[in-house]
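Me: I am new to this structure and would love a close look at a single part of it. Could you pick a small sheet, walk me through it, and then show me what else is worth finding?

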Amino acid sequence: MKRTAAAVSAAVLLLPLTACGGDAEAGGGSTVTVTVGYQSKTINTVTAGTLLRSLGYFEKQLDSLGDGVTYKVVWQDYATGAPITAQMTAGKIDIGSMGDFPLLINAARGEQLGRPTRLVSVTGYNLRGGLNTIVTAPGSRLTSLRDLKGKKVSTSVGSAADGTLVRALQRAGIDPEEGVEKLNQQPAVGASALAAGSADALSQFVAWPGLLAHQGKAKALYDGARLNLPTFHGVTAREDFAKERPAVLEAFLKAQARATDYLNDHPVTAAEKVAGITGLPAEVVYLYNGAHGIATFDPALKPRLVSALKQDVSVLKSAKLTGDVDVDSFVDDRYVRRALGTTYAERLAATPPAAASEVWPKGSARTRTFESPSELLGHVSAHRDSVRAAYVPDATTGTPWFADKAVWVADGKKLLPFVTPATAQDYVDGHDGASVVTYAEALERAS
């Protein structure tokens, strides 16, 4: 019988409760349903979700197995990692992608409920923590993290963004439990709360901070990269599924690697593709997933990321969200090593691209890079009507941000961008003669 692989979309409440990773007779042959949980709008997981699904690489990889099996891939889309974990521990999802803190909760819940899971690859990462950002309303008078004391802050408890909030508050000398009123909300609800004034700030993961800033509905208050602690999203699989269907899991990881290469080789096209599927502006997708974006995509389980995951355990324990988590047992690189073969060592040693200033011209499938933010400003000033988006790296953290949303500092002839007012002010305080200027003033100085 000719074997095929089919992608199937289904609403969560209508999904079948059986046959995940299992067999069913179909016309005398064997059918295996593989269920993948992903987060379409958490766009640094696209190589294991949105982009991968659109390219059909997983289905094609399954088609090449030659084992006489008909594979049916069911894709389930969620807003956060928590429901993916719930479905995995119920045996209803085989492979899922989520952020570092949800991954630890995934590991803990799996062990508690006798459905152990394993971290098998990485999607997108940022070595300094720039994937998470705290934002406030455009007209807010809050200018630094210290201003949050006694305020209402929306976040998704147990998420990577919540972890950033906890650590940032602690460094600012604010008790994360008693010093602020934390509102446990889904990202979209938190965004609405910020707009309505019922929340003073919002701590969220990619792509919410960039989206709200791009829409003029928020401004950055704290850049997660100031923590200088790696953050990442990864792929987790049920241990029983991995043992029963290792070839299928390896097929997924090969497909993920192909999707990663596609994104890295065609960053603008990939951003447009993801934008078309998710409804997010392509400019926002590119901010995170671009050639010099906030996220770096590589499936390798780098030791530095694993080490960061171990540091995250204490934060979750203090919040009573998990007990101890054996990270070394949770991380299992056997499948991705086999899937990627001789290229794995090269990927493991790869480093993020250097920070760069980029302009995305209107109507172009390519961006243009500049050696300095000042040079970018000069170009934008001379081509205002033909620029779709402009991105500049924070002068301190390297986090890319929209040029027109950045806080600009003039220091002699230098024009320096910062994601937040506090980081800009820190620079001004340490450099005589430096001052904060508006974006319009920065453009005028660069012209």
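Reply: Here is a walk through one small sheet, followed by a few other places to visit. Please keep in mind that this is a predicted model.

Let us begin with the sheet itself. It is an open sheet of 3 strands, in the order β19-β18-β20, and the pairing is antiparallel. The strands β19 (414–418) and β20 (435–437) stand at the edges, and each has a single partner strand, so one side of each is left without a neighbour in the sheet. On average, neighbouring strands of this sheet are turned by 40° against each other, direction ignored.

Now follow the chain along β18, which covers residues 407–411. β18 pairs with β19 in the antiparallel sense, over 5 bridges. Two facing positions help you find your way: Val 409 stands opposite Leu 416 in β19, and Asp 411 stands opposite Lys 414 in β19. Between the two strands the chain makes a turn, because β18 and β19 form a hairpin with 2 residues between them. One residue to look for in that turn is Gly 412, which has a positive phi of about 65°. As for side chains, in a regular strand they alternate between the two faces of the sheet.

Is β19, at its edge, enclosed or open to the outside? Of the 5 residues of β19, 4 are buried, so this strand is largely enclosed by the rest of the structure.

Two helices belong in this picture as well. Helix α17, residues 421–429, lies across β18, β19 and β20, and runs at about 10° to β18. Helix α18, residues 439–446, packs on the sheet too, touching β18, β19 and β20. The direction of α18 makes about 95° with that of β20.

With the sheet in place, we can turn to the nonpolar cores. The largest nonpolar core has 104 residues, and those with the most contacts inside it are Ile 43, Phe 58, Leu 249 and Phe 252. Helix α9 (residues 246–265) gives the most to this core, with 10 residues. Take Phe 252 as an example: leaving aside its neighbours within four places in sequence, Phe 252 is in contact with Val 36, Ala 48, Leu 52, Phe 58, Ile 95 and Val 235. Apart from the largest core lies another one, of 16 residues, and among them are Val 359, Leu 376, Ala 390 and Leu 415.

Helix α11 (residues 282–289) is a good stop for seeing burial. In α11, 8 of the 8 residues are buried, so the helix is largely enclosed by the rest of the structure. Among the buried residues are Glu 283, Tyr 286, Tyr 288 and Asn 289.

Next, look at how two helices meet. Two packed helices are described by the angle between their axes and the distance between the axes. For helix α4 (residues 100–112) and helix α5 (residues 160–171), the axes come within 6 Å and cross at roughly 110°. That makes α4 roughly perpendicular to α5. At the meeting place, Asp 100, Phe 101 and Pro 102 in α4 meet Ala 160, Gly 163 and Arg 167 in α5. The residues of this contact divide into 3 nonpolar, 1 polar and 2 charged.

Ser 203 is another place to pause, and you will find it in strand β10 (residues 201–205). At 0% relative accessibility, Ser 203 counts as buried. Leaving aside neighbours within four places in sequence, the contacts of Ser 203 include Thr 133, Ile 134, Ser 154, Ala 161 and Leu 165. Ser 203 and Pro 187 are 16 residues apart in sequence and 8.8 Å apart in space, C-alpha to C-alpha.

Finally, here are some backbone details in the loops. The peptide bond from Val 206 to Ala 207 is cis, with omega near 10°, and Ala 207 is found in the loop between β10 and α7 (208–214). Asn 228, in the loop between β11 and β12, has a phi near 55°, a positive value in a residue other than glycine. With a relative accessible area of 39%, Asn 228 is partly exposed. Lys 320 also has a positive phi, near 60°, and is found in the loop between α12 and α13. At 74% relative accessibility, Lys 320 counts as exposed.

Technical notes: Residues numbered from 1 in each chain as written. Predicted model: local features only at pLDDT ≥ 70, side-chain atom pairs only at ≥ 80, totals over all residues. Heavy atoms only, no water. Axes fitted to C-alpha atoms, helices over the stretch in contact; angles between N-to-C directions. Parallel < 35°, antiparallel > 145°, perpendicular 65-115°, else oblique. Contact = heavy atoms within 4.5 Å. Nonpolar A, V, L, I, M, F, W, Y, C, P; charged D, E, K, R; others polar. Core = buried A, V, L, I, M, F, W, Y, C linked by side-chain atoms within 4.5 Å. Buried < 20%, exposed > 50% of the residue type's maximum accessible area, 1.4 Å probe, protein only.
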